[in-house]
Amino acid sequence: MSGKIARFSAMLARGEVTSRQLTERYIARIQKLNPVLNAYVCTTFEEALIQADYADGLIKSGMAMPLTGIPMALKDNICTEGLPTTCCSKMLQGYRPCYSATVWERLKAQGAVLLGKTNMDEFAMGSASETSFFGAPKNPADISRVTGGSSGGSAAAVAADLAVYALGSDTGGSVRQPASFCGVVGFKPTYGAVSRYGLIAYASSLDQIGPLASSAEDAAIVYDAIRGSDVRDQTSLPSAGGPTPLECDISSLTVGVPQEFLGEGVAEEVKQAIGAAVCAFERAGAKVKKVTLPAFEVALPVYYIISCAEASSNLGRYDGIRYGFRAEQFGDIRDMVIKTRSAGFGNEVKRRIMLGTYVLSSGYFDAYYKKACLLRGRIRQEFARVFGECDILLTPTSPTTAFRLGQKPASSTAAYLADICTVPASIAGLPAVSVPCGIGEGGLPIGLQMIADRSRDDLVLACAHFFEGVAEVKTPLCREVQL
Amino acid sequence: MNYRLVSGFETHVELATASKIFCGCSTKFGAKPNTHCCPVCTGQPGSLPVLNKKVVEYAIRAGLATHCTINAVTHLDRKNYSYPDLPKAYQISQYDRPLCEHGYIELDSGKRIGITRIHIEEDAGKLVHERGFTYIDYNRGGVPLIEIVSEPDISSPEEAREYVEKLQLIMRYIGVSDCKMQEGSMRCDVNVSLSQDGVMGTRTEIKNMNSVTFIERAIIYEAARQREILEGGGRVEQATLRFDEATGETYVMRTKEDAQDYRYFPEPDLLTVVIPQEKIDEIAAHMSELPVQKRARYLSLGISAQNANLLCRYRAVCDFFDACLKADAGARHAANLIVGTIYAALPTEEDKEAFALPFAAEEFAKLVKYVDGGKINFTLAQITLSEMLKKGGAVSDYIKEEDLAGISAGELESLCIQAVAANPAAAADYRAGKHKAIGSFFGYIKRATGGRADIKAAEQVLKRLLSD
């Protein structure tokens, strides 16, 4: 069974379809289904058709690359020169960057076709994409449910086949968790494996761009196209040449099952699906080992302290002076900045800016930020210890399946619990993937998360590839999105 | 009561790298507003800084020149504050681990002014107020700076002046900055307090001083103001002040109550900076001579202390002078001609700093060598030099080779005889014991030879003739 990208590429190469035709087909789907799903907040059809024609030219002259002519989408926090990039915030209303992100440059160089920008939580802050200024996207498995977040639009677009693949960004689970909720593959590479240049920062030491796709193979193809060091991003890492190998000997692996990820609050159906996934590895000859990560319990506070601290600094620049939204009525410059920020940011963003400002303040810095950095080190050490005894960790991606839209969590802290399984790998900068591993109650997808040691992105993708081969979980689509 | 002035400096020096600290934009001063800008230095969302290695190298040079320890492992931090000229709402700077620490600058008296630290950071843009509007020019945004923090070791306005001038000179010598205070490439924040019988007082900080003279004046004014408060039984309030150049007074910008919390934290977009010892050694090995070293070398060449000081004041002059020495010109005549004739033609400090001459050092060296070899006298050299300064060109345009044959002994003898004959009164005076009268003949001889005659030789001949 080959992936969608390879199938389309072959069809394009054989001339069975042109990129323009393929693109038109996707445009038609988006026009029909986006009003239901709200996956895209901006479409770029005109540009897409130009790019498709360019791609057809490349194909004809025998210069096709793996992603040439394949229609795709970008999360709305990835800068696209001349095209709206808003982070789904009122604050960046009308903002059109004067430059493109490195990932988009690299995809464009392959002849990719951009259909549009996808919905997300405002400035990537959230786990349901409900903080979007454009309203929440809807889960293609059940449109009364959230897509997860923050890359909810990208996950919904891929699940409903409104794009062959999409890029998202993952700070604490923002690629993996929506992938899990929508039933697609979501891959967060090792921190630094993909350049962040042009990714509008939420939390710089955690942010990482990653692909959402309908298979591990597709995710690997996209990953191969965007990874590698970038002179514009000092935190980017060099990577090995050649495509990521997807075949690996599962029987040579030791699979770790961290017990803390299966504790209280994890739904029974999720536990069962993960148990079944572990069995699949065992049947293929892998050794299974129960492991513990005691620092897991501090992962969530560590994540929120560090991410909010960095966010409070990263978002200081939105003052209405140079770009984006500016309040209409104001007195002096100071008043303009205050009114602009008060009206331009949503509540979740404001909450995190305040939290971050607080933890960095003199008098609180040591008790919060500094301590969080120390604990971050401990979490890294624990992962290092665990990867001394096993090769890959299997956990749920999310404690539950997608929850209902508009369902108010008891508190912000309760809402933050949705990230509990994904933040540890983020804090440690480790590669992790979410792969569909079952369908729960109400036909909602369940995701399996696999985490490997630093720079073992290949292992994560190979295990995902193996697992989807044996599990064969189909992405469920509800009636409203079936054409 | 016994009050003693206690002053420390925080000096910002713009580094003379070709490109900015975190992007490839030019650092050139005076360009059209917002033409040296890119996504990085205007803080566009998603852009990332990349540290310019040259900046680190220049800062290390500054550290070595001021006897600092270089921290081999260092990092950058974010200093968060909101102001329209700061496009990211944070300045990338260094907080708890500066690149250089624990150095000093030695004053002429031998007193050492401690250097607490030197760190690297980015400059902000500039607000331009015009026709009732405020405009922002981001050309300066991201220009590399070093901040040099001194210990509060300065105890008089004169020491303050010397400290600033020494610092300025050192930075120019090692080529890390032009330190033009009027263009803002060197700016000082001056802390002033009065200690009372050895007990430290509350300090005030005078911000953004851009002239040595104003620094002296501001310190005198501020010390007097504090003294008046203390003598009146009052307390000095900790405050940030601005010096009004027109009135010569300081006024309060903000007090301690509205002090900002900069919420420093390590810059996550940049890596830890690790400097191998070999790199530091390499930079040290390629350091140019410092002012003290240069002065000592000039003195050893027999130049007067005054001339050595006057030469060492300007880096460009030293470069010119050193080039003359390299072309085998004699140090003393060269120094005298530079300090006397050339300086006279370059009246302002800026002129001397720039030292833009219409001829090369090698050409000047030729002239000096004629004097050294007795082929022309010093006066003719001065006259020729003045002409060259006005009109440029080569020495050969003014002094022909055939002229340089000099005046033969026979010619000189007959010239002297003519001179005596032409001025019998002076000859009588001399013979009557008024030996000064001999000077009257020199003018004649100079005129007759166009200044080429060796006056000392002529003096010998005249003495012989007149005593016969």
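Is B:Lys366 buried, partly exposed or exposed, and what is its relative accessible area? B:Lys366 is partly exposed, at 39%. For the terms: buried is under 20% relative accessible area, exposed is over 50%, and partly exposed is in between, with a 1.4 Å probe and protein chains only.

Before going on, the conventions. This is a predicted model, in which local features need pLDDT of at least 70 and side-chain atom pairs count only at pLDDT 80 or more, while totals for chains, interfaces and linings use all residues. Residues are numbered from 1 along each chain as its sequence is written, chains are lettered from A and ligands numbered from 1 in the order in which they are written, and side-chain values use heavy atoms, with hydrogens and water left out.

Back to B:Lys366. Its side chain meets that of B:Glu363 in a salt bridge, 3.5 Å from N to O. A salt bridge here is a side-chain nitrogen of Lys or Arg within 4 Å of a carboxyl oxygen of Asp or Glu. Both residues sit in helix H10 (residues 361-372) of chain B, three residues apart, which puts about one helical turn between them. Helices are DSSP runs of H or I with at least four residues, strands are runs of E with at least two, and both are numbered from the N terminus. An α-helix has 3.6 residues a turn, so residues three or four places apart point the same way. B:Glu363, unlike its partner, is buried, with a relative accessible area of 15%.

Next, salt bridges elsewhere. Over all chains the structure holds 49 of them. In chain A, A:Asp53 pairs with A:Arg20, the closest N and O atoms being 2.8 Å apart. A:Asp53 belongs to helix H3 (residues 45-60) and A:Arg20 to helix H2 (residues 19-37) of chain A, so the pair ties together parts that are 33 residues apart in sequence. A:Asp53 is partly exposed at 35%, and A:Arg20 is partly exposed at 30%.

In chain B, B:Glu413 and B:Arg464 form a salt bridge at 2.7 Å, N to O. This pair links distant parts of the chain, with B:Glu413 in helix H12 (residues 409-422) and B:Arg464 in helix H15 (residues 455-467), 51 residues apart. B:Glu413 is partly exposed at 24%, and B:Arg464 is partly exposed at 39%.

Now the interface. Contact means heavy atoms within 4.5 Å, and 35 residues of chain A are in contact with 30 residues of chain B. The two chains bury about 2,600 Å² between them, 56% of it on carbon and sulfur atoms. Buried area is the accessible area, with a 1.4 Å probe, that two parts lose on being put together, summed over both. On the chain A side, A:Gln234, A:Arg317 and A:Arg322 lose the most area to chain B, together 26% of what that side buries.

How many salt bridges does the rule find across the interface of chain A and chain B? One. A:Arg196 and B:Asp269 meet in a salt bridge at 3.1 Å, N to O. These two residues also belong to a network of salt bridges that links A:Arg196, A:Asp233, B:Arg78, B:Glu267 and B:Asp269.

The rule also finds 16 residue pairs in polar contact across the interface, both residues at pLDDT 80 or more. A polar contact is a pair of N or O atoms within 3.5 Å; within protein, one must be able to donate a hydrogen and the other to accept it, and residues adjacent in sequence count only if both atoms are side-chain atoms. Helix H9 (296-314) and helix H11 (347-360) are the elements that give two or more residues to the side of chain A that touches chain B. H9(A) gives the most, with four residues.

One element inside chain A. Helix H5 (residues 152-159) has eight of its eight residues buried, so it is largely enclosed by the rest of the structure. What covers them includes strand S1 (40-43), strand S3 (113-118) and helix H6 (176-182) of chain A. After H5(A) comes A:Asp161, with a positive phi near 55°.

Last, chain B as a whole. Its secondary structure comes to 15 helices and 16 strands. Of its 468 residues, 52% count as buried. The C-alpha atoms fill a box of roughly 95 × 55 × 50 Å, taken along the principal axes.
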